Number of protein chains: 2
Amino acid sequence: MEIIRTPRIMKETSKRLLTQGKTLGLVPTMGALHGGHLFLFKVAKGENDVVVASIFVNPAQFGPSEDFDKYPKDLESDIMKLESAGADILFVPEVPAMYPEGFSTYIGVRGLSDRLCGAFRPGHFEGVATVVCKFFNLALPTRAYFGQKDFQQAQIIKRMTKDLNMSVECITCATVRENDGLAMSSRNRYLSPEEREAAAVVYKSLKSAAHMVKDGVMPASVTEHMNVMLKSEPLVSEVQYAGVYNPETFEESVLPEKKYLLAVAVKMGNTRLIDNILVEI
Amino acid sequence: MEIIRTPRIMKETSKRLLTQGKTLGLVPTMGALHGGHLFLFKVAKGENDVVVASIFVNPAQFGPSEDFDKYPKDLESDIMKLESAGADILFVPEVPAMYPEGFSTYIGVRGLSDRLCGAFRPGHFEGVATVVCKFFNLALPTRAYFGQKDFQQAQIIKRMTKDLNMSVECITCATVRENDGLAMSSRNRYLSPEEREAAAVVYKSLKSAAHMVKDGVMPASVTEHMNVMLKSEPLVSEVQYAGVYNPETFEESVLPEKKYLLAVAVKMGNTRLIDNILVEI
């Protein structure tokens with residue numbers, strides 16, 4: 001695996017590969033790789049000639065009170081995982097190379113960015129969209145891979161690439177879960193053993209909600225049920241949102257629809273956990 | 001000259017040309033072409049294998065009280081001018097193709113966009129940056145050409161391409177002027193004969209200011225002189241700004257510096273005129 005540390009060399013390398021007629025699959029990550037990431041690499045590997053991983057903990061997508069400084073970093077272990085996942089190139093730029101002095105451009109996606117996680121993390125999706133646009137312009141991927149756990153992020157990035165006439169195809173891959181259903185996430189390692197056990201309630205609430213909407217229960221009742229279920233777990237310190245949403249607009253579903261996004265964000269102590277499932281009726 | 005009307009065909013055409021190893025020069029315009037545009041084509045022609053002109057009156061960069069609906073349109077005459085200027089491709093998309101339903105992405109350049117024209121045209125530069133990013137992603141130019149008259153726009157676009165790691169090289173070309181010094185502009189045709197004559201005061205104020213700063217007059221005095229000069233012309237109905245600025249930050253110059261941007265925006269009746277010159281001491 002080739003390790004690239006500067007934007008300039010990343011772009012030169014991608015241009016050369018494209019000139020050779022290769023297809024490039026990009027998996028942008030913040031490192032601290034887990035099974036969810038590895039599944040993205042597996043899919044990318046099957047669909048592209050060259051797989052590029054990026055690791056960059058993007059300061060622009062963290063709020064002032066969030067966990068940027070303590071976001072888990074383990075580059076050595078990540079490199080071993082990427083080698084075995086068959087990644088061909090690792091792009092791991094430094095923050096000043098990505099945001100040099102005078103940097104002042106931001107990309108926003110109106111509407112989609114304001115709801116769900118956006119309501120609790122102001123500026124977060126602007127930071128995400130901006131850095132992903134930069135990575136797309138540097139790695140010039142044919143395809144890019146995102147996890148379904150971050151469904152709102154994936155939708156915002158798809159909207160951005162379409163709106164800005166970018167060439168990359170964005171692919172959302174299924175969430176990978178632990179045995180008890182907890183969605184794999186780099187932040188799970190923050191959980192105490194008791195919190196880790198209790199965290200299973202997040203997926204349980206989604207599964208239970210999925211049964212209810214399939215049985216024809218009205219969205220408002222399902223939302224209430226999810227909130228009751230999550231709040232009944234004493235280690236859940238805050239339910240930021242939990243409910244039944246339109247997967248295109250992220251607005252709360254009121255009437256029966258054909259497709260639902262069931263989505264949850266809770267805090268357990270200082271750890272924020274999100275998860276979602278899509279249900280078609 | 002090949003005329004392309006859809007974003008999809010524009011991108012396919014550019015990709016094919018790049019694969020053939022051609023360099024592409026893009027001159028993005030809003031049509032109503034004048035000598036200033038033709039100079040951009042001349043420069044582009046000398047530096048690229050293929051010259052792409054775009055004509056698109058971009059609704060996103062006009063405010064609700066601005067002249068979007070009555071912005072001059074004369075496609076037939078523009079096409080003749082482009083043919084003689086040697087443009088190879090004209091890209092002239094329709095508004096719904098550029099902003100389809102659900103469009104919701106915007107690009108902003110903080111700081112640079114808030115000052116000078118930005119202070120009088122809220123959202124204007126967001127509209128400019130967004131549409132230019134789209135044109136860059138569709139026409140995939142090696143180089144793109146902008147006029148010095150719109151210096152703030154050119155600087156914002158340069159900042160955007162750098163910040164977003166885009167590959168295009170942005171080139172600013174000298175302002176082309178009428179015999180009396182008035183900067184060529186599509187909006188000049190709005191002027192009545194009396195206004196047209198009086199409009200020469202804009203460039204006169206810039207030339208006079210340039211002499212003063214070269215003579216070592218302090219920026220504040222030069223700014224005052226420019227405002228007095230412009231306001232003494234009865235057909236100038238409003239001086240939006242006139243003064244001595246830092247060409248990197250667009251902040252007002254207070255102390256003597258090595259480089260100045262002398263810049264003016266006035267209204268004559270309903271017509272807004274801008275102009276600027278750069279001075280190095």
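At what angle do the axes of helix H9 and helix H10 of chain B cross? In this predicted model, the two axes cross at roughly 155° and come within 9 Å of each other, with H9(B) covering residues 200–214 and H10(B) covering residues 219–231. Anything over 145 degrees counts as roughly antiparallel, so that is the label for H9(B) against H10(B). As for handedness, H9(B) passes H10(B) in a right-handed crossing. On the H9(B) side, the contact is made by B:Val201, B:Ser205, B:Ser208, B:Ala209, B:Met212 and B:Val213. H10(B) answers with B:Val222, B:His225, B:Met226, B:Met229 and B:Leu230. Sorted by class, the residues of this contact come out as eight nonpolar, three polar and no charged.

Chain B offers another helix pair to look at, H6 (residues 124–139) and H7 (residues 151–163). Here the axes sit 10 Å apart and the packing angle is about 55°. H6(B) and H7(B) are therefore oblique to each other. Their crossing is right-handed. From H6(B), the residues involved are B:Phe125, B:Val128, B:Ala129, B:Val132 and B:Cys133, while H7(B) brings in B:Gln153, B:Ile156, B:Ile157 and B:Met160. The class count for this contact is eight nonpolar, one polar and no charged residues.

Now for the sheet of chain B. Six strands make up an open sheet in the order E1-E4-E3-E2-E6-E7, and the pairing is parallel. At the edges are E1(B) (2–4) and E7(B) (169–173), each of which pairs on one side only. Ignoring direction, neighbouring strands are turned by 25° against each other on average. Within the sheet, E2(B) (residues 24–29) and E6(B) (residues 143–147) run parallel and are joined by two bridges. B:Gly25 is found opposite B:Arg143 of E6(B). Packed on this sheet is helix H2 of chain B (residues 35–47), which touches E2, E3 (50–55), E6 and E7 of chain B. The direction of H2(B) makes about 170° with that of E2(B).

Turning to chain A, its secondary structure adds up to ten helices and ten strands. The C-alpha trace spans about 55 × 40 × 40 Å along its principal axes. For 281 residues, a compact globule would have a radius of gyration near 19 Å, and the 19 Å of chain A agrees with that.

Chain A has an open sheet of three strands, ordered E8-E9-E10 and paired in antiparallel fashion. E8(A) (238–245) and E10(A) (271–280) are the edge strands, with pairing on one side only for each. From one strand to the next, the twist averages 10°. Ten bridges hold the antiparallel pairing of E9(A) (residues 259–268) with E10(A), and A:Tyr260 stands across from A:Val279 in E10(A). Two helices can be placed against these strands. H9(A) (residues 200–214) packs on the sheet and touches E8, E9 and E10 of chain A, with its direction at about 20° to that of E10(A). H10(A) (residues 219–231) lies across E8 and E9 of chain A and runs at about 155° to E8(A).

That leaves the question of how the chains meet: how many residues of chain A are in contact with chain B? The count is 22 residues of chain A against 22 residues of chain B. On the chain A side, the elements giving two or more residues are H1 (7–19), E5 (105–109), H6 (124–139) and H7 (151–163). E5(A) has the largest share, with five residues. By class, this side of the interface divides into eleven nonpolar, six polar and five charged residues. E5(A) also pairs with its counterpart across the interface: E5(A) and E5(B) (residues 105–109) are antiparallel over five bridges. One of the partnerships links A:Tyr106 with B:Gly108 of E5(B).

Conventions. Residues are numbered from 1 along each chain as its sequence is written. Chains are lettered from A and ligands numbered from 1 in the order in which they are written. This is a predicted model: local features need pLDDT of at least 70, side-chain atom pairs count only at pLDDT 80 or more; totals for chains, interfaces and linings use all residues. Axes are lines fitted to C-alpha atoms, for helices over the stretch in contact, and angles run from 0 to 180 degrees between N-to-C directions. Helices (H or I, at least four residues) and strands (E, at least two) are DSSP runs, numbered from the N terminus. Angles under 35 degrees count as roughly parallel, over 145 as roughly antiparallel, 65 to 115 as roughly perpendicular and the rest as oblique. A crossing is left-handed if the near helix is turned anticlockwise from the far one by less than a right angle, and right-handed if clockwise. Two residues are in contact if their C-beta atoms, placed from the backbone, lie within 7 Å. Ala, Val, Leu, Ile, Met, Phe, Trp, Tyr, Cys and Pro count as nonpolar, Asp, Glu, Lys and Arg as charged, and the others, Gly among them, as polar. Two strands pair if DSSP finds at least two bridges between them. The radius of gyration is taken over C-alpha atoms; the globule rule is 2.2 Å times the number of residues to the power 0.38.
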